[in-house]
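This report concerns the spaces inside a protein model, and the residues that surround them. The enclosed space is taken up before the ligand site.

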Amino acid sequence: MYKLNLDIQSFLANDWQQAPKVYKGAFPEFADPIAADELAGLACEDEVSSRVVVTKGEDWDVISGPFEDYDQFGEQGWQLLVQAVNHWYPDAQPLVEAFRFLPDWRFDDLMVSFATPKGGVGPHIDNYDVFIIQGEGHRRWTVGPKGSYSRRGGNPTSMLIEDFEPIIDVVLEKGDVLYIPPGFPHQGETLTLALSYSMGFRAPSQQELAGQIADQLMDEDKGHKRFIAAEGAASKGLVSVAEQQGIMQLIRELCDDSDTVAKLLGKLLSQNRFDLDIQEDESMDEAELQAALDEGALLSRIGGLKVLRMEGDSEPRLFIAGEGYVIAGATDEELSQVANDVTVSADIALQPHWQRFFADMLKKGYFYLAEA
Ligand code: SIN
Ligand code: CO
């Protein structure tokens, strides 16, 4: 278990999404949830998203995984970064739990990095909130003020920015946490062999929202309404302001319909950016599920799976991995337990209306049965 030693109320009121901050000793007696060789092993897998960044003086080369061996990179000046480790490595979940004071819909993934001395990814800006937790080793971090920064070397395709003037300059040691909101330039530089953990949080962009609206209307064959003018056309080559507003009002109408919004956001926010570790061999019928639970097995969701409820939803519904599931007969209390807890109590799972749902979840590979 990881206990984050942080005044959460004060953090949410003063820092969250606003200001970068260093929390020394935020995890007293921090123990790395994964070893460097296990991380290197994960990065051998095709389904796992990984990269190695090699420091080249004032520049950085990115090589995409999977990787078979690391000898080519030498003793120093490189860093391995593996995304969504929480999807593939269940022992990482307790560290994720320490950050569940923020809602699951915002959580992106746990990225784990193994860095050699002088390794780093270069100065950059993220669109995400990130908590960087230092495990084994020491890394120096600098964070600059929010602002507009030119792309490194004037290259518009570079992910890197020019050097910045730091407002934070700190060496992180085991158990220290650095919080960086979106938009603040930052750079990590490795002093000794180091493992670090980036807990990333994001909210959907307007592009993602607009894409989801379009997908959903097409899936449901809805959204055929068109603009009807209150007055005739005024001028040959002109679209009047009233017409512009009237046409865009069609989108606003969609946003005012609470059922459309619940479905739209439930589907969008329960999706993951990275592959899930779908368990393919767990198909069982309701009677077999009952027998397994009776024998004490635990029904557990796979790492990173988002199980969300929408407040005010007109249906007893959960949104999971981009789909809505109505569980007829489920109570509010049951729905919130299943949405909040990564393992499901047998009391709930054995109720007839839930049994069918969980048999379906096992078949889909979103839940699995684990030893108690
Ligand atoms: C790193 O660990 O160097 C990359 C993490 C980040 O900058 O967000
Ligand atoms: Co970053």
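In this predicted model, the largest cavity holds about 30 Å³ of space, and a search of the whole structure finds one cavity of 30 Å³ or more. The lining of the largest cavity is made up of Ile213, Leu254, Cys255, Thr260 and Leu264; by class, four of these residues are nonpolar and one is polar, with no charged residue in the lining. Two helices, α6 (241-256) and α7 (258-269), each contribute at least two residues to the lining of the largest cavity.

The ligand site is a separate topic. Ligand 1 takes up the space of the largest pocket, and the elements that give two or more residues to the shell around ligand 1 are β4 (78-82) and β7 (139-143). The residues surrounding ligand 1 are Gln79, Leu81, Met111, His124, Asp126, Arg139, Trp141, His186 and Ser198, a shell that divides into three nonpolar, four polar and two charged residues.

Polar side-chain atoms of three of these residues are paired with oxygen atoms of ligand 1 in the table.

| Residue | Partner | Distance |
|---|---|---|
| Gln79, side-chain N or O atom | oxygen atom of ligand 1 | 3.2 Å |
| His124, polar side-chain atom | oxygen atom of ligand 1 | 2.9 Å |
| Arg139, polar side-chain atom | oxygen atom of ligand 1 | 3.0 Å |

Of the 260 Å² of accessible area that ligand 1 has on its own, the protein covers 94%.

Methods:
Residues numbered from 1 in each chain as written. Chains lettered and ligands numbered in written order. Predicted model: local features only at pLDDT ≥ 70, side-chain atom pairs only at ≥ 80, totals over all residues. Heavy atoms only, no water. Near = heavy atom within 4 Å. Polar contact = N/O pair within 3.5 Å; in protein donor to acceptor, adjacent residues only side chain to side chain. Areas by Shrake-Rupley, 256 points an atom, 1.4 Å probe, with all protein chains shown as cover. 1 Å grid on protein atoms, 1.4 Å probe; cavity = no way out; pocket = protein on both sides within 12 Å on 5 of 7 lines; lining within 4 Å. Sits in = over half its atoms within 2 Å of the grid points. Helix = DSSP H or I, 4+ residues; strand = E, 2+ residues; numbered from the N terminus. Nonpolar A, V, L, I, M, F, W, Y, C, P; charged D, E, K, R; others polar. Points joined across faces, edges and corners; volume = space filled by probe spheres on them.
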